[in-house]
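Student: Could you take me through one part of this model up close? I'd like to see how a single residue sits among the strands around it.

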Amino acid sequence: MHFSMHNFTRLQLLITVAVATTTLIAFSQPDPDYLIHDRTRPLPPVVQPGTVSTTDTVGTAPSDAIVLFDGSDLLKWAAADGRATEWIIRDGVLECKPGAGTIRTRRSFGDCQLHVEWASPKKSTGAGQGDGNSGVFFGNGRYEIQVLQSHGNPTYADGSAGSIYGQYPPLVNVTRPAGEWQVYDIIYTAPRFKKNGKLKSKARVTVLHNGVLIQNNVELTGPNNWFERPPYSAHPVKMPITFQDHGNPVRFRNIWVRELDDGKPEYFLPDATLDSYAGDYKRGNETVEVRRLPDGLLSISFADATLKMHATSSTEFFNKETDVQCEFRFSGGEKNLAISVGQGEMICPKID
């Protein structure tokens with residue numbers, strides 16, 4: 001059969017559409033383990049919805065949310081290095097103390113829904129990027145949704161309120177006047193990396209600002225930065241959520257998060273804590289090596305294997321691929337590492 005260039009172009013188009021449709025279907029297939037309207041399929045869990053904040057009242061979180069700040073304390077927050085933050089609680093509101101530095105969650109989060117309410121100062125603190133500037137970050141400071149006084153305060157588009165900083169301006173500007181409470185509802189999908197550190201899938205973000213969709217499942221090019229768009233570099237799926245100190249006393253309230261992925265709770269421990277655990281431990285005639293890794297992780301090496309360990313508390317760690325758990329028991333002058341593989345545990349004293 002003879003194909004003209006026109007027919008060939010049409011064929012290419014049909015193939016492209018078919019491939020795209022097949023790819024879309026592959027990503028949107030219902031669970032094949034259940035029939036249509038299957039009466040044995042588990043019903044979704046019942047969750048009590050939260051209440052909406054108003055000018056005078058603060059709303060409540062859904063019943064399955066992790067409340068990060070309710071106006072009472074900062075137990076779930078720390079400075080970047082893990083010490084107590086110098087940010088201020090004033091009249092039940094969290095306020096950035098200029099010069100105090102970043103504030104971060106002690107717990108780490110991957111795929112999640114984050115709700116945060118913020119307000120810029122009533123009195124202007126500057127112009128453009130100097131007025132009511134802060135930021136909500138995922139990935140421990142990597143991926144930023146901009147916080148800025150953008151009501152009648154012109155600046156570059158990809159740096160205005162609700163922008164994915166340096167990458168995507170918001171679809172619309174729905175910023176209320178300075179001093180009034182703004183609401184962000186953010187859906188974050190963490191990037192994934194292969195074992196060799198190469199990127200497997202990019203981070204994605206959806207943002208509603210004051211109830212209006214302003215970022216629609218955008219795919220991030222990598223971390224957000226001033227003047228550049230750096231490439232991705234491998235990091236754990238779960239990392240702290242951070243708020244930026246940009247020198248302006250921006251206020252925050254009613255902060256809660258709902259985890260959208262499975263797995264154990266993970267915590268981001270200070271380097272000083274991890275360094276205190278690093279060293280060699282005696283396991284019979286073998287030495288167990290414990291080393292600090294970047295991004296709040298440890299590695300333990302024994303029996304010709306090296307395992308990456310994630311923290312579930314300030315002393316307990318687990319591996320995500322093998323049923324190996326460990327606990328550091330430092331008390332009364334003794335320093336022991338307890339390792340369990342499947343069941344039972346091995347006590348390994350630290351070698352000084």
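Tutor: Here's a close look at Leu114, followed by some strands that lead on from one of its contacts. Keep in mind that this is a predicted model, where local features need pLDDT of at least 70, side-chain atom pairs count only at pLDDT 80 or more, and totals for chains, interfaces and linings use all residues. Residues are numbered from 1 along each chain as its sequence is written, and side-chain values use heavy atoms, with hydrogens and water left out.

Leu114 belongs to strand 7, residues 112–119 (strands are DSSP runs of E, at least two residues, numbered from the N terminus). Leu114 counts as buried because its relative accessibility is 0%; the cut-off for buried is under 20% relative accessible area, with a 1.4 Å probe and protein chains only. Beyond its neighbours within four places in sequence, Leu114 is in contact with residues including Leu68, Phe138, Ile186 and Trp256, where contact means heavy atoms within 4.5 Å.

Let's follow Ile186, which sits opposite Val207 in strand 13. Strand 10 (residues 182–189) and strand 13 (residues 204–209) pair antiparallel over 6 bridges; pairing takes at least two DSSP bridges between the strands. Strand 13 also pairs antiparallel with strand 14 (residues 212–219), over 5 bridges, and Leu208 has Leu213 in strand 14 as its bridge partner. Strands 13 and 14 form a hairpin with 2 residues between them, and Asn210 in the turn has a positive phi of about 50°.

Zooming out, buried residues make up 43% of the protein's 352 residues.

Note on methods:
Helix = DSSP H or I, 4+ residues; strand = E, 2+ residues; numbered from the N terminus. Buried < 20%, exposed > 50% of the residue type's maximum accessible area, 1.4 Å probe, protein only.
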